[in-house]
Amino acid sequence: MRPFEPEARADSDQAAVAGVSETLASLWNWAAAVREAEMRRLENRVPGLRAGARNEVDRAIQRVVEGLFGDLGARLSRDAALIDAVHVLFALDTPGGKP
């Protein structure tokens, strides 16, 4: 039996935290790209939309994203297996993947 190695455990914990952080950053970037695409689509469909209304739509989309992904970091930290699922579900590993 190998003795407990706190350095190895710390390295493992740091790798897990880095994996969660990288996944969350990728997911938020993906969500931002979707939001931007939807705002461009809105501008094309409703070209005369006033700036105030456009800003309110943008804020509404952001609130939806925050509601969906708000506590995801805590959930990913508790269950590292979810990291792979998030990558697959949102195609985060696909270079040039379409949001």
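So, to start: is Glu 36 buried, partly exposed or exposed? Keep in mind that we're looking at a predicted model here. Okay, the answer: Glu 36 is partly exposed, and its relative accessible area is 43%. That falls between the 20% and 50% cut-offs, so "partly exposed" is the right label.

Where do you find Glu 36? Look in helix α1, which covers residues 6-45. Now bring in Asp 58 as well. Along the chain, Glu 36 and Asp 58 are 22 residues apart, and in space 8.6 Å separates their C-alpha atoms.

Right, let's move over to helix α4, residues 81-89. Which residues are buried there? They are Ile 83, Val 86 and His 87. Those three sit on the same side of α4, because the arc they cover around the axis is only 100 degrees. If you want the general background, an α-helix has 3.6 residues a turn, so residues three or four places apart point the same way.

And what about the face turned away from the buried side of α4? That face carries exposed residues, namely Ala 81, Asp 84, Val 88 and Leu 89.

Last stop: Ala 91, in the segment after α4. Have a look at the backbone there. Phi of Ala 91 is positive, near 50 degrees, and this is a residue other than glycine. As for the surface, Ala 91 is partly exposed, with a relative accessible area of 36%.

So, to recap α4: Ile 83, Val 86 and His 87 are buried, the face turned away from them has Ala 81, Asp 84, Val 88 and Leu 89 exposed, and Ala 91 with its positive phi follows the helix.

Methods
Residues numbered from 1 in each chain as written. Predicted model: local features only at pLDDT ≥ 70, side-chain atom pairs only at ≥ 80, totals over all residues. Heavy atoms only, no water. Buried < 20%, exposed > 50% of the residue type's maximum accessible area, 1.4 Å probe, protein only. Helix = DSSP H or I, 4+ residues; strand = E, 2+ residues; numbered from the N terminus. Arc of directions from axis to C-beta.
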